[in-house]
Amino acid sequence: MIGIVGYGGYIPRFRIKVEEIAAVWGANANSFKKGLNIEEKSVPSMDEDTATISVEAALNALKMAGIDPKDIGAIYIGSESHPYAVKPTSTIVGEAIGCGMEYTSADTEFACKAGTAGIQMVMGLIQGGYIKFGLAIGSDTAQSKPGDALEYTAAAGGAAFIIGKDGIVAELEGTYSCSSDTPDFWRRDTVEYPSHGGRFTGIPAYFKHTISATKGLMEKLSLKNSDFDFIVFHMPNGKFPLNAAKMLGFDANKLTPGFVVKKIGNTYSGSSLLGLAATLDIAKPGQRILITSYGSGAGSDAFSIKVTDLIEEKRQNAKKVQDYIDNKEYVTYARYTRLRRGI
Amino acid sequence: MGHESSIPLFWRLIKPRYQLIGTKCTTCGNIFYPPKYLCPVCRKEGKLEDIKLKKTGKIITFSIVRSAPSGFEKEAPYPVAIIELDDGPKLTSQIVDWKEEDLKIGRRVEACFRRIYTDGKEGIINYGLKFRPI
Amino acid sequence: MKVAIIGIGSTNFGEHWDQNLRQLAIEAGSKAILDANIRGRDLDAIYLGNMSAGRFVGQEHVAAMISGELGLSIPAVRVEGACASGGLALRQGLFSILSGQHDIVLVGGAEKMTDLMTDGVTSSLMGAADQEWESYYGVTFPSLYAMIARRHMHEFGTTREQMAKVAVKNHHNGTLNPVAQFKKEITVEQVLNSTMVADPLTLFDCSPITDGAAALILCKAELAKKYVDDPVYIVGSGQASDTLALHDRKSLTTLDATVKAAQEAYKQTGLTPKDIDLAEVHDCFTIAEIVATEDLGFCKKGEGGKLLDENATAIGGRIPINTSGGLKAVGHPVGATGIKQAVEMVLQLRGKAGKRQVKDAKTGLIHNVGGSGATAVVHIFSR
């Protein structure tokens, strides 16, 4: 049985409210709050980046897993904001958490599903008998063009998952993915901010892949809606996941524990994984979670996860996602600009 | 205007800086962080081995740097402190995630992984441990 | 021991945009040679205190440079111990005479700091701290001494007002010193309200960035009267080291190196702090003067602040400290400071300190520190 041995999240402390951003651009805060279904987003400190966020999340995961970091045989870190274009984040993190030298690693990029892709890679290595434990992280410090709609949601955060066969707190029952060449949201090399196709990012992109992958997973594992206690979808805003749930016929309440976007924004590669971590923080043994990530460009990875008896004891050892959501300090737009652009 | 970050100089200290690994002398039992290459107490009788230290401690003195050295201008003002680790040794670093009332002698803190210095747009990024109040 | 100082020389201390390191050193050196009534060719060696010409002006090998500028080919050695470079150069010059190797030596200190911008100077000065474990984290010298100050306030109740009084006193003395960078009176309020540099130290708690040079001619005691009528003698010398990083020290409110260096000098001379008529101490920051007066034995540990409240360290006080104006008002061209202190002491003991003159000054002590206390050197002078 393969599953999650330990997991952990990290969200930087600063927050900026929708009202604060809207005021600067003379925009209607309420219509953005309603339209995006989001209140505020997380902002990283000047000295935080994808590597530092990944380390904090990984250390939480290690605390929960209770394993020797040297037993980690693979590290994959997925992000859209790796500190270097060439030089892996995964080795920085590997070094910081004490993995020694005997592991394989690589950085992945697939917009917001780079982290879940890493989970699948690690699952493969474990099932194949190549490694004992693998670490997969999805983490981002997302950038947005000032004045663009994305500014209200582009946030920072990450979650780490240690996968293995021993001491699992949640079983990875199965996974199903779909991918296609759909240019809904992209960033050319050396360009500072991403571009997107506006309304094209909806039906032909997010919804098509999220729904296909979810349906594909349920069919493959012969599961139906009622088999799942909780749902986590990628959260680019607070509306898309609710609509996806509706389209699939799921009860919206099942999204609630993992619905972190409202208070922290879209953490990109960290989004669905932080939602998963937050859900695992409250799930009971025997409960089943569906998580479907979505990465622009485009593709979705869906997983069915069943919580084991070990979770209640093991998750006491690490900080909860809610702890990070609650630990916050608001900043003004001026300070936000200084933090993000170092001016 | 920052300074050029020498790569080998930085790389050599990654392990002790990232993981808070100090040295312990098995002869006298003293623990040192930053790590020592020779036990200053025992000298030739000393035998040093690596020891991973607990990441918690307390502030024993602090200040706030307002006039920053080259490369740290964008971050000023930032607090610096001498922290006594629970395992004994004292070290110097910055305090992060702080409020006014956290800057107090005796305040408990824990290490966290942060960027220390970025060598311009092209150079390497120096990481290390800073401390946040707990 | 007994080694004579027969000549002194000093540039003005300040921002010398039109003078380079060479010019500053030559000016001080030439003045000292003239003051000693010797010729350049009488010199046997040069000892030059300079902390960081390499970082400030991209120049190493500076002692040889000066000897060349003077048209001499004598042994020339640069001595470095951060801000104690001058005091260390003095001690090396002293030893060369005591050893019998040399009869007459030029001992100088020079630093050219203003060719870099403030952030560059701040960084370069951090070469005196632990590069890998202090400087790496963005620590600065003001913040290191600020941390000492905060501990001193915590352990002994020393106040910001007492520290401010150090600056006020030294600035007052500076108004009486023609070479001082700052010749203006200031008030405690001005000190407390000026820009915070590293809490709780404000701009006025910190010695400035300065260009300057000072020089001495040392000679064998027996030869002194051949050149001058009023030699002053170095009768004691002590030096000690401590851990480079402040966090490795046994105490954050005592500079053990100062205590040990002073003890050595007192022991050599058989003198005690009570026998000292005046002292030039290392006030790189106001708190440093307070700590120094304790560590040199002029008061009990923790009571350095009280000395300011009692006005005990003013020119007319029971133990005048920094009659020159200290590093605070004269300026702190790092490598030159230790020699500047000696120049002031010689003037005082010759009775030629003008309005700064301490009555009946017979025995004086100078104290020079490197970094946050990893080096300390103390000399005792006598008439």
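**Exercise 1. The domains of chain A**

Task: State which domains the assignment gives for chain A, and describe how they meet.

Solution.
Step 1. The domain assignment splits chain A into domain 1 (3-169 + 312-341) and domain 2 (172-309). Keep in mind that this is a predicted model.
Step 2. Take the centres over C-alpha atoms: those of domain 1 and domain 2 of chain A are 16 Å apart.
Step 3. Now look at the contact. Here 48 residues of domain 1 of chain A meet 40 residues of domain 2 of chain A.
Step 4. Find the elements on the domain 1 side. Those giving two or more residues are strand S1 (3-10), strand S3 (40-43), helix H5 (114-127), strand S6 (133-141), strand S7 (156-164) and helix H11 (321-326) of chain A. H5(A) gives the largest share, six residues.
Step 5. Sort the residues of that side. They divide into 20 nonpolar, 18 polar and ten charged.

**Exercise 2. The nonpolar core**

Task: Which residues touch the most other members of the largest nonpolar core?

Solution.
Step 1. Start from the general trend. In soluble globular proteins, nonpolar side chains tend to be buried together.
Step 2. The largest nonpolar core holds 275 residues. The ones that touch the most other members are A:Ala58, A:Ile163, C:Ile5, C:Tyr145, C:Leu216, C:Ile217 and C:Leu218.
Step 3. Helix H3 (residues 50-65) of chain A gives this core its largest share, ten residues.
Step 4. Zoom in on A:Ile163. Neighbours within four places in sequence are left aside. Its contacts then include A:Ile2, A:Ile4, A:Val5, A:Ile119 and A:Phe133.

**Exercise 3. The fold of chain C**

Task: Explain why the radius of gyration of chain C agrees with a compact globule.

Solution.
Step 1. A compact globule of 383 residues would have a radius of gyration near 21 Å. Chain C has 19 Å, which agrees.
Step 2. Add the box. Along the principal axes, the C-alpha atoms of chain C fill roughly 55 × 45 × 40 Å.
Step 3. Add burial. Of the 383 residues in chain C, 65% are buried.
Step 4. Add contacts. Take those in chain C between residues at least 6 apart in sequence: 77% join residues at least 24 apart.
Step 5. Add secondary structure. Chain C has 14 helices and eleven strands.

**Exercise 4. One helix of chain C**

Task: Where do the buried residues of H3(C) lie, seen down its axis?

Solution.
Step 1. List them. In helix H3 (residues 62-69) of chain C, the buried residues are C:Val62, C:Ala63, C:Ile66 and C:Ser67.
Step 2. Look down the axis of H3(C). The buried residues fall within an arc of 140°, so they line one face of the helix.
Step 3. Recall the general rule. An α-helix has 3.6 residues a turn, so residues three or four places apart point the same way.
Step 4. Find the cover. The buried residues of H3(C) are covered by elements including helix H1 (21-35), strand S2 (45-49), helix H2 (53-57) and strand S3 (76-79) of chain C.
Step 5. Look past the end. Just after H3(C), C:Gly71 has a positive phi of about 75°.

**Exercise 5. Two contacts with chain B**

Task: How many residues of chain C are in contact with chain B, and how many does chain A bring to its own contact with chain B?

Solution.
Step 1. In chain C, 29 residues contact 27 residues of chain B. H6(C) supplies the largest share of the chain C side, seven residues. That side divides into 14 nonpolar, nine polar and six charged residues.
Step 2. Between chains A and B, the contact takes 16 residues from chain A and 13 residues from chain B. H3(A) supplies the largest share of the chain A side, four residues. That side divides into six nonpolar, four polar and six charged residues.

Definitions and conventions:
Residues are numbered from 1 along each chain as its sequence is written. Chains are lettered from A and ligands numbered from 1 in the order in which they are written. This is a predicted model: local features need pLDDT of at least 70, side-chain atom pairs count only at pLDDT 80 or more; totals for chains, interfaces and linings use all residues. The radius of gyration is taken over C-alpha atoms; the globule rule is 2.2 Å times the number of residues to the power 0.38. A residue is buried if 20 or more other C-beta atoms lie within 10 Å of its own, exposed if 12 or fewer, and partly exposed in between; C-beta atoms are placed from the backbone. Two residues are in contact if their C-beta atoms, placed from the backbone, lie within 7 Å. Ala, Val, Leu, Ile, Met, Phe, Trp, Tyr, Cys and Pro count as nonpolar, Asp, Glu, Lys and Arg as charged, and the others, Gly among them, as polar. A nonpolar core is a set of buried Ala, Val, Leu, Ile, Met, Phe, Trp, Tyr and Cys residues joined through C-beta atoms within 7 Å. Domain bounds come from an automatic or database domain assignment. The arc is that of the directions from the helix axis to the C-beta atoms.
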